[in-house]
Amino acid sequence: MERKKRKLHPVKGAHWFSRAYRKGQVYAGRHLVLYVLPAHDKTRTLLGITVSKKRGKAVVRNRVKRWIRESYRRYLPVLKNGKVIVIVAKQPAVTAGFAVLSEEVGYLLGKATLLDEAPQ
RNA sequence: AUACCGUUCCAGACAAUCGCGCUGCAUGAGUUUCAUGGGUGAGGAAAGUCCGGGCUCCACAGAGCAGGAUAACAGAUAACGUCUGCCGAAGGCGACUUCAGGGCCAGUGCAACAGAGAGAUACCGCCGUGCGUUUUGUACGGUAAGGAUGGAAAGGCGGGGUAAGAGCCCACCGGCGCGUCGGAGACGGCGCGGCCAUGUAAACCCUAUCCGGAGCAACACCCUCCGAAGCGAUAGCUUGCUCGGCUGCUUCACGGGUGGCAAAGAGCCGUGCGGCGACGUACGGCCAAGAUAGAUGAUUGUCCAAUACAGAACCCGGCUUACAGAAACGGUCGAAGA
RNA sequence: GGCCGGUUAGUCAAACGGUUAAGACGUCGCCCUCUCACGGCGAAGAUAGGAGUUCGAUUCUCCUACUGGUCA
């Protein structure tokens, strides 16, 4: 069934973010915090990324978002559907680098039991 | 090779694999769209939002007041507080750099403390006269040369003059006014003259010039909702105030989408011509991001001395601020890059 | 993204361009008390940073940083 490539879907609308913060299940790591909600659309999983303006200037925030998005993309083929995931970057994430964040995204997704199988 | 000054340019490159936005490119499915291939994809500051415009709405934008901005002169420009040239001042041996650089001889205000006195003055001192007297002194007057205070003390310095002194008089210098010559002008040279109140206008102010208000979250359209309260010629908008103008209006609550918005303009590149230059103009060529939770990343290899500051959000012209380094050209000083 | 404001001791908060920058709460020390509190006396502690104008700047001007408000 995975012959067709999955695309990366972003979360749209501010109310989904606030719902995730209030009602979502929380999984915290050293650099990131993961919020998970069940989605209406069961055929795909949405991703939202939050990097506060306190974390740095526009270049820094964009770089952190790219790292997280790329990490998430690596786990996309083995990800369960029907969820809304919001990832919030903490202050250490700014200086962590891609390798560290990628590892942490995998760890948190596994902790939240969102992976069908172990990533290769 | 090395110091210094000015101008311009670049902002890691290449290859492989995976991945992203746009596409009014092609092909195939399909006629909302999807897939594959191609094309294209952040900056010199995209930043701060400090100025100037375009654009949109208010009446294509009106009158007066208030308010704001600018400040030698001439030009460039769509416009500017920007730029160019030039004048003046300051700094540097020099190339060159810097300057909110109109007016306190229109008016008003302020100048704390100190000091006798801050725009008017006599504390000490100097001189004269009267009184007293061995002497010291004391009263009145003259005086701004000297002392002391201050950021600033009666334009500065020298000479004449005087009882002592003083622009009281004279020369030079500074400032101001008038005349004349040069210059497009600011200004500069020369001559004459009243004999001159220090500083502060980023104090009020005066002079000249300019400025209507708001901003793409503007604004226009489509679908949904067509909700509650209030007003009755009041009220609201334009504008801070007055006039003038406009309107069934005002307040509160409230979704989604499309356009605006990106292919085309004060556009970029090259060459010629005009100009000291900013710039203008003619010809030829080019089309070069357009997101909407917001697109450039990951891994590996090679080159490299090394990758700083930093991410478009309607669009331009500037200014300011941040910044590792690399390159080119022109020039200055000196015996020598010391 | 646009448009407005603000920054003074630990906190709140005054100051026509002029001596040593008010106050209040808090902090510290001493006194009072058997001890604590209350009260009394005393002390320390600040103009966001950098330039400029001025004789002199918390105040005026510019730049930078930080921090609020507001606009569908």
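Start by selecting arginine 55: is this residue buried, exposed or partly exposed? Arginine 55 is partly exposed, because 17 other C-beta atoms sit within 10 Å. The cut-offs go like this: a residue is buried if 20 or more other C-beta atoms lie within 10 Å of its own, exposed if 12 or fewer, and partly exposed in between, with C-beta atoms placed from the backbone.

What you have open is a predicted model, where local features need pLDDT of at least 70, side-chain atom pairs count only at pLDDT 80 or more, and totals for chains, interfaces and linings use all residues. Residues are numbered from 1 along each chain as its sequence is written, while chains are lettered from A and ligands numbered from 1 in the order in which they are written.

**Around arginine 55**

Stay where you are for a moment. Arginine 55 belongs to the loop between E4 and H2. Those labels come from DSSP runs: helices (H or I, at least four residues) and strands (E, at least two) are numbered from the N terminus. Now show the contacts of arginine 55: leaving aside its neighbours within four places in sequence, you'll find Val60, Arg61, Val64, Ala89, Gln91 and Val94. Two residues are in contact if their C-beta atoms, placed from the backbone, lie within 7 Å. For a longer look, draw a line to lysine 23: the two C-alpha atoms are separated by 24 Å, and the residues are 32 apart along the chain.

**Zoom out to chain A**

Colour chain A by secondary structure and you get three helices and five strands. Which pattern does chain A follow along the sequence? Reading along, chain A goes β-α-β-β-β-α-β-α. Of its 120 residues, 22% count as buried. Among the contacts in chain A with a separation of 6 or more, 81% come from residues 24 or more positions apart.

**Walk across the sheet**

Select the five strands next. They make an open sheet in the order E1-E4-E5-E3-E2, with mixed pairing. Strand E1 (9-10) and strand E2 (25-28) are at the edges with a single partner strand each, so one side of each has no neighbour in the sheet. Two strands pair if DSSP finds at least two bridges between them. In general, strands of a sheet pair through backbone hydrogen bonds, either parallel or antiparallel.

Begin the walk at histidine 9, in strand E1. Histidine 9 counts as partly exposed because it has 15 C-beta neighbours inside 10 Å. Not counting residues up to four places away in sequence, histidine 9 touches Arg44, Leu46 and Leu47. E1 and E4 run parallel, joined by two bridges, and the bridge partner of histidine 9 in E4 is leucine 46.

Keep going through leucine 46, which stands opposite valine 84 in E5. Measure back with your viewer if you like: the C-alpha atoms of histidine 9 and valine 84 are 9.9 Å apart, although 75 residues separate them along the chain. Strand E4 (residues 46-50) and strand E5 (residues 83-89) run parallel too, with five bridges joining them. Glycine 48 is opposite valine 86 in E5.

Hop over to E2 and E3. How many bridges pair E2 with E3? There are four, in the antiparallel sense. A hairpin joins E2 to E3 through three residues, and alanine 28 has valine 33 in E3 as its bridge partner.

**Now the helices**

Select helix H2 (residues 58-74), which lies across E4 and E5 and runs at about 155 degrees to E4. Add helix H3 (residues 98-111), lying across E2 and strand E3 (32-38) at about 35 degrees to E3. Axes are lines fitted to C-alpha atoms, for helices over the stretch in contact, and angles run from 0 to 180 degrees between N-to-C directions.

How do these two helices meet? H2 and H3 pack at an angle of about 45 degrees, with their axes 9 Å apart. That angle makes H2 oblique to H3; angles under 35 degrees count as roughly parallel, over 145 as roughly antiparallel, 65 to 115 as roughly perpendicular and the rest as oblique. Show sticks for the contact: Trp67, Ile68, Glu70, Ser71, Tyr72 and Arg74 on H2, with Phe98, Leu101, Ser102 and Val105 on H3.

**Last stop**

Finish at arginine 22, in helix H1 (residues 14-23). Arginine 22 is exposed, because 9 other C-beta atoms lie within 10 Å.
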